[in-house]
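Here's a quick briefing on how this model splits into domains and where its parts touch. Have the structure open while you read.

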Amino acid sequence: MASRTRGWLAIAAVVATGLLLTFAVQERYHHRVLTLVFLWAAMGLAWNIISGYAGQISFGHQVFFGIGAYVTVLLVVKAGLTPWVGMVVAVGVAVLAAVLIGIPTFRLAGIYFGLATLAYPLIFRIVMDWLGYQEVAIPMKREQPGWFMQFNEPRSFDLLALGVLAATLALSRVIETSRLGYRLRAIRENEQAAEAMGVDGFRCKMAAYMLSAAPAAVVGAVYIHAILFIVTPEAVFGLLVISQTLVVSLVGGAGTLWGPLIGAALMVPVSEILDTTVGDRLPGIQGVVYGAALMLIMLYAPEGLYWRVRQAVRSRAGRGGEAARSVIVAPPADDAVASAPTQTVLLQARGVSKAFIGLQALSDVSFDVREREILGVIGPNGAGKTTLFNVLNGFLIPDRGEVRFLGQPVTGLRPSALCRRGVGRTFQVARTFPHLTVLENVMVGAFARDAAVSRARVAAMAALARMGLADRAEAFPGGLTTLELRLMELARCLATAPRLVLLDEPLAGLSADGIDVMIAMIRRVRAGGVTVVIIEHTMQALLRLADRLIVLDQGRRLAEGAPGQVTQDPGVIEAYLGKRWLARLAAR
Amino acid sequence: MALAELVQYVATGLLVGGVYALMSIGLALIFGVMRVVNFAQGDFMMLGMYLTYFYAISGSVDPLLGALLTIPPFFVLGWIVHRGLLARVTGGGDPQRQMDAQLILTLGLSLVITNATTMILTPTPLGIRTGYATQAFALGPVLLNQARSYAFAMALVLAAAVYVFLTRTDLGKALRASADDPEAASYQGIDVRAMHGLAFGIGIALVAAAGGLLATYYPIEPTVAGNFIVLMFVAVVLGGLGSIPGAFVGGLVIGLVQSLTLLVLPFQLQNTGVFIVFLLVLYFRPQGLFGRRARTV
């Protein structure tokens, strides 16, 4: 709660400082610099919503800036509409454009997304040229300057720009501290893990894109009235707009609302001063400074100044302050008796087949998972175990066959949808959100059930406590042991309140003690009424744990049954366990 | 519309596309080996145009020869840029972050080069006057501009030379090995960092040479990069990011699309056809026409 108030107080302090500067400054030129700082900070914040929080680097965000400028000015020119209303229309058009651009573009990942975003402003530039809007001047309205955003007093533009900045800061703050903000950061850190935790990647990215288009359009509209007065395609859709946006955001630091603010406060005055002092003799000095700033920040502090300073302050304050960490021990087998499997079928796989190029990973695999059982899936490397999980939780769509969960067909559903229906999973190599704390990692899971941050925090804390990780809540995943990482993943999965969890080699890489702890925790999960399907290499551990085993070999189901029964199966011993086991069994 | 007219448009498109193909090979080589999307590629092309111009003005070197003479200095420049800038960006081990950081670094480099050139050389466009720029070969009713024809032929020769280098020489094979699997290549004793420098040097040299060829018929100005960098991106994505034959074909296709767009759309909209092709490829075949590597799940 304290940090929540502090965040708003900090924003209030920024706005108060802005006001103070606005009234302290006298010269027209200084007012102009102030307006520019406010507007570029707001533009950087807009970009930061999609590219900072969600990590989808957009090289075409000036599209919305340009739409804001053109729509507002064209409405004044063609319809005599006041820009105060025109701006609202422009926001609507920009958000619509974001939807139309986002639908195809968010199907692309990584570098392809960035390259695709490059194309949109170029298309707008060409189309505006072709429509004959190479130069649209704002018509003078001397009678009603305020109504047409044509103030004589430069201070009025400062206040307008500051208002835009304050609103964008508030929007960013609301996003940062909401479920959407956590989900966006989870997507940035590991989109697949987020998807498996119930985060619909496409919808979240689309929401972020729409939310970031709106302020960019407002900034574009105000920028035209305060600074440019004439709209040209180059001035609003050009590379310099996105360069300036990237500079303020990246120099300051992306992924936090303070980054673009710091970046704008530093970079805009520098470039303005250079432009007025040597700009006549050296046209292009601004571009050189921006370019050099981008290069220097990528070379020396690619995370940006805010994060760099914060890290330095933290490491100074936190030196030697590492809290003693408790050793996790296996919890007593309290309630294991009360949790015998029932005969209800929770999940059904029927004839599931999946081929990759030149490899039949799964062929015609069928089995049932009964409620509250622990079902082990074993098989040698390449048997198709992880592929099976990827089919069961929706990462892969099978070529043939069907998966039913609670009697409903779920083949083809996204992992996030399956997660919300009650299928959780962990990964063979732990997939964390490295820049989120352990608690926040688990909260991403808890958000699958509850949108309220405070309740998700409580649920996440409870899940961590159940896994014995309560005292690691504020740590980052990078500082955890392998056992703690696996327990954190399990806690994150439990926080989604699953009916069924798919555990992909949860015992891999653990010490003997670690295996004991993990086995006890998995029993505890089942004791809580959750069904467990577990992939494992280590036979011994699984014999202790599983009620039933399924053996996969080369994508086929080789055997199924009680552990004792399966290990007696000569086919299994031959194909999977090898002859040494056969000898050992005979010697007993 | 007469068939001859269509042939004329196709021929013009292919001639222009040859030079695009040469530019794009450089970009594809850099991406294929280093996984770097080089935003500054167009700016090195622009610098290649200026160097060819200075060769022509100061030593009256024919631009077709001048284009070849840009290769050694730009190879060295590319090597230095790699050593001094790109090799220093690591992204903390996360490949996506490293790619983003390097892309932004080259964007910064592009801004610096464009604007510094404007500052030093003024924005006034320059041109190299050659006898063949205004001449045409006549193949029946189809006219082929001589400057473009020579540039096209040179581009083909250079592209073929690159292909032979990559497939027939040990160094070329080492380069391809580093592209396929840097880790395995380094176990075989290949200095992957040196290969990255080599790839960046060659990539820059090729685009500079393409700039020199372009200078025989295109005005030289500091902001010329902006008109071409996106065409190069499109060609490379079209061919499949990192595929060199793909980039070559991609370049030819871009030339064709640009030229044929004029049949249906007015001149100002010439590049919309290119961008539409670009977006269609990204949406429906992001691995490109020749891409081997499908995106993982």
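Chain A of this predicted model comes in three pieces: domain 1 covers 2–238, domain 2 is made of 363–387 + 502–588, and domain 3 spans 433–497. Two contacts get a closer look below: one inside chain A, and one between chain A and chain B.

**Domain 1 against domain 3 (chain A)**

- Measure from C-alpha centre to C-alpha centre, and domain 1 of chain A sits 34 Å from domain 3 of chain A.
- Each partner puts in 14 residues: 14 from domain 1 of chain A and 14 from domain 3 of chain A.
- On the domain 1 side, α7 (179–189) and α8 (191–196) of chain A each bring at least two residues to the contact with domain 3 of chain A.
- The top contributor on that side is α7(A), which hands over six residues.
- Sorted by class, the domain 1 side facing domain 3 of chain A holds six nonpolar residues, along with four polar and four charged ones.

**Chain A against chain B**

- Here 38 residues of chain A meet 40 residues of chain B.
- Three helices of chain A, α5 (111–130), α11 (239–252) and α13 (285–300), each provide at least two residues on the side that touches chain B.
- Which helix gives the most to that side of chain A? That's α5(A), with twelve residues.
- As for chemistry, the chain A side that touches chain B breaks down into 30 nonpolar residues, six polar and two charged.

Definitions and conventions:
Residues numbered from 1 in each chain as written. Chains lettered and ligands numbered in written order. Predicted model: local features only at pLDDT ≥ 70, side-chain atom pairs only at ≥ 80, totals over all residues. Domains from an automatic or database assignment. Contact = placed C-beta atoms within 7 Å. Helix = DSSP H or I, 4+ residues; strand = E, 2+ residues; numbered from the N terminus. Nonpolar A, V, L, I, M, F, W, Y, C, P; charged D, E, K, R; others polar.
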